[in-house]
Amino acid sequence: WLCSREGMDEVEQVEPAPQPQAQAPVPAAAQQVFVARAPQLPEVFGDGDFERWLRKFAICARANRWDDDEKLLRLPLLLKDRAFAVYERHAAIDDYENLVDAIKGSFAPDTEEARRLARRQLQDRRLQPGEDLEVYLRALERLVDRSSPGLPAELRSRQLVDHFVDCRLSLAAV
């Protein structure tokens, strides 16, 4: 199995190449070859909620039966921008769990840099065309939690409502 962006399809039946004339005939049932399509990869990660992305990577790794050595080789192939820069600072780490911990530390919501980034993302976050409102609300919740960890529930709810209403007003103006 290998991951692909095409998603997982049913097993596809593929006809093998024709047999050379000199060989004994192969029964028709033995001539069919089955090829399995690979599970879908998580999107390439550049910035944001690394732990959420990492959960998707872990699902792909389990589906492919990757051990930690294989995950260590494949992880950087799915990183870009800031995430790849963070990886490069820690590329000498040759243990998957230690590497992931080091990268997580750079994206942890308890750093001031991560909180500033989340506040900026929260200000810029808009409902995407065709996006489900539940998905949009969950994205707002994650950004509020990352931008203001430990915020009292009442203030958290107020902040969510304000951003949700701002988005609805901006959509109405379009």
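**View 1. E141 sits in helix α6, which covers residues 133-147.** The model shown here is predicted. E141 counts as buried, because its relative accessibility is 17% and the limit for burial is under 20%. Setting aside neighbours within four places in sequence, E141 is in contact with two residues, R156 and L160.

**View 2. The whole protein chain contains seven helices and two strands.** Starting at the N terminus, the elements follow the order β-β-α-α-α-α-α-α-α. The protein chain has 174 residues, and 31% of them count as buried. Take the contacts between residues at least 6 apart in sequence: 60% of these join residues at least 24 apart. The protein chain exposes about 11600 Å². Carbon and sulfur atoms supply 53% of that area.

**View 3. F84 is placed in helix α3.** F84 counts as partly exposed, at 29% relative accessibility. Its contacts, leaving out neighbours within four places in sequence, are P76 and L79. D47 is 37 residues away from F84 along the chain. The C-alpha atoms of F84 and D47 are separated by 9.3 Å.

**View 4. D81 has a positive phi, near 50°, and is not a glycine.** D81 also belongs to helix α3, which spans residues 81-89. The relative accessible area of D81 is 57%, so this residue is exposed, the cut-off being over 50%.

**View 5. R65 is a non-glycine residue with a positive phi of about 55°.** R65 is found in a loop. On one side of this loop is α1 (50-63), and on the other is α2 (68-74). R65 counts as exposed, with 74% relative accessibility.

**View 6. Helix α2 holds the salt-bridged pair K71 and D68.** The closest N and O atoms of this pair are 3.1 Å apart. K71 and D68 are about one helical turn apart, because three residues separate their positions in the helix. Which of the two is buried, and which partly exposed? K71 counts as buried, at 15% relative accessibility. D68 counts as partly exposed, at 33%.

**View 7. R74 and E70 form a salt bridge.** Their closest N and O atoms lie 2.6 Å apart. Both residues are in helix α2, four residues apart, so about one helical turn separates them. R74 is partly exposed, at 24% relative accessibility. E70 is partly exposed too, at 26%.

**View 8. D162 and R158 form a salt bridge in helix α7, residues 153-173.** The closest N and O atoms are 2.7 Å apart. The two residues are four apart in sequence, about one turn of the helix. D162 counts as partly exposed, with 32% relative accessibility. R158 counts as partly exposed, with 48%.

**View 9. E112, R115, R116 and R119 are joined into one network.** The links are salt bridges that share partners. The count of salt bridges comes to ten.

**View 10. A patch of negative charge lies on the surface.** Which residues gather in this patch? They are D67, D69, D94, D95, E97 and D101. D101 lies in helix α4, which runs over residues 96-107. D101 is partly exposed, with a relative accessible area of 45%.

Note on methods:
Residues numbered from 1 in each chain as written. Predicted model: local features only at pLDDT ≥ 70, side-chain atom pairs only at ≥ 80, totals over all residues. Heavy atoms only, no water. Patch = residues over 30% accessible without salt bridge, like charges linked within 9 Å, V, L, I, M, F, W, Y side chains within 5 Å. Areas by Shrake-Rupley, 256 points an atom, 1.4 Å probe, with all protein chains shown as cover. Salt bridge = Lys/Arg side-chain N within 4 Å of Asp/Glu carboxyl O. Lys, Arg positive; Asp, Glu negative; His and termini not counted. Charge placed at Lys NZ, Arg CZ, Asp CG, Glu CD. Buried < 20%, exposed > 50% of the residue type's maximum accessible area, 1.4 Å probe, protein only. Contact = heavy atoms within 4.5 Å.
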